[in-house]
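Hello,

Here is the structure you are taking over. My notes on it follow below.

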Amino acid sequence: MSHRVLSAQQLEQFEEDGYAIVENLFSAAEVGRILDIARADHQLAADLKPNHNYEGQGLDTIIAYRPRFADDVYSAVGRSRRLVEPLEQLFGEEARNFYQLETLKDPNTGGWQWHQDYGYHHREFLYPSFISVMFALDPATRANGCLRVVRGSNRLGRLDHVRSGSQLAADPQRVGIALQHLEEIHCEMAPGSALYFHGNTLHASDPNLSAQSRWAIIFAYVADSNFYVLPETPENLRVPVDKLDDAQFEALARRHWERVQAQPQAV
Ligand SMILES: O=C(O)CCC(=O)C(=O)O
């Protein structure tokens, strides 16, 4: 079964706008299971780190950064044909995985200032053929700090970034001018939907000041033809995606659930 669900018009729109939302990639039951695993997973809890994304003020942003796929349900989403085949349509070629980020935006945790993901990673990669995919585990709404993108900012090229707290923030003056000319979009999503956005698409999110968590997983990929430009090439950080069909995804999710069930209980 093909999961190349994007129409020619959607592919053209992505070139124009720098983002596309694909709804209901995974069912509510599947997302419910991923959340059950994530909430119980001691390893995920141990990997979480606070980021201070706002200089000297604001709430911490809680993330777990993973440089490569593992034998777990989160990576299984990032390897699933359902998520990867639309990505290959956008690249026009195969994708390689660069990293993943579990971003667990609980109530009263923080957001992100405007940035471009290729603004972070242009030192590693020759081309901006870089796409991030935000997969929603919870409803993402304005109230709980859904991702905001600047429509068409993928066509601005890469902006300079300056360090600000734990993050790199895109040149605020240029962002201000971009926002006078381009539209800011709040990417509200239902659980199981995914937002695909180009490496030069400006994006940010507000802190979550609501009572509803906004958990998501972000997967970053580069096109197969994009190269590392570091003096030494760590090939293992640009891994071909070994795609999973639905039965393989299901088997991996079941194994992860069983492992989580077998964890020692806190006393
Ligand atoms: O989780 C968010 O709200 C934004 C995360 C983000 O901007 C990123 O990972 O580049």
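G92, just after helix α5, takes a positive phi of about 75 degrees. Please keep in mind that this is a predicted model.

Helix α5 itself covers residues 81-91, and 8 of its 11 residues are buried, so the helix is largely enclosed by the rest of the structure. The buried residues of α5 are R82, L83, V84, P86, L87, E88, Q89 and L90.

Next, a pair of helices. The axes of α2 (residues 28-40) and α8 (residues 246-261) come within 10 Å and cross at roughly 30 degrees. Angles under 35 degrees count as roughly parallel, and α2 and α8 are therefore roughly parallel to each other. Their crossing is left-handed. On the α2 side the contact is made by R33, I37 and A40, and on the α8 side by A253, H256, W257 and V260. By type, the residues of this contact divide into 5 nonpolar, 1 polar and 1 charged.

Last, the ligand. Which residues are around the ligand? They are L101, T103, G111, W112, D117, L147, H203, S205 and I218. Two elements, β4 (95-105) and β12 (203-205), give two or more residues each to this shell. The shell around the ligand divides into 4 nonpolar residues, 4 polar and 1 charged.

That is what I have for now.

Regards

Note on methods:
Residues are numbered from 1 along each chain as its sequence is written. This is a predicted model: local features need pLDDT of at least 70, side-chain atom pairs count only at pLDDT 80 or more; totals for chains, interfaces and linings use all residues. A residue is near a molecule or strand if its C-beta atom, placed from the backbone, lies within 6 Å of it. Helices (H or I, at least four residues) and strands (E, at least two) are DSSP runs, numbered from the N terminus. Ala, Val, Leu, Ile, Met, Phe, Trp, Tyr, Cys and Pro count as nonpolar, Asp, Glu, Lys and Arg as charged, and the others, Gly among them, as polar. Axes are lines fitted to C-alpha atoms, for helices over the stretch in contact, and angles run from 0 to 180 degrees between N-to-C directions. Angles under 35 degrees count as roughly parallel, over 145 as roughly antiparallel, 65 to 115 as roughly perpendicular and the rest as oblique. A crossing is left-handed if the near helix is turned anticlockwise from the far one by less than a right angle, and right-handed if clockwise. Two residues are in contact if their C-beta atoms, placed from the backbone, lie within 7 Å. A residue is buried if 20 or more other C-beta atoms lie within 10 Å of its own, exposed if 12 or fewer, and partly exposed in between; C-beta atoms are placed from the backbone.
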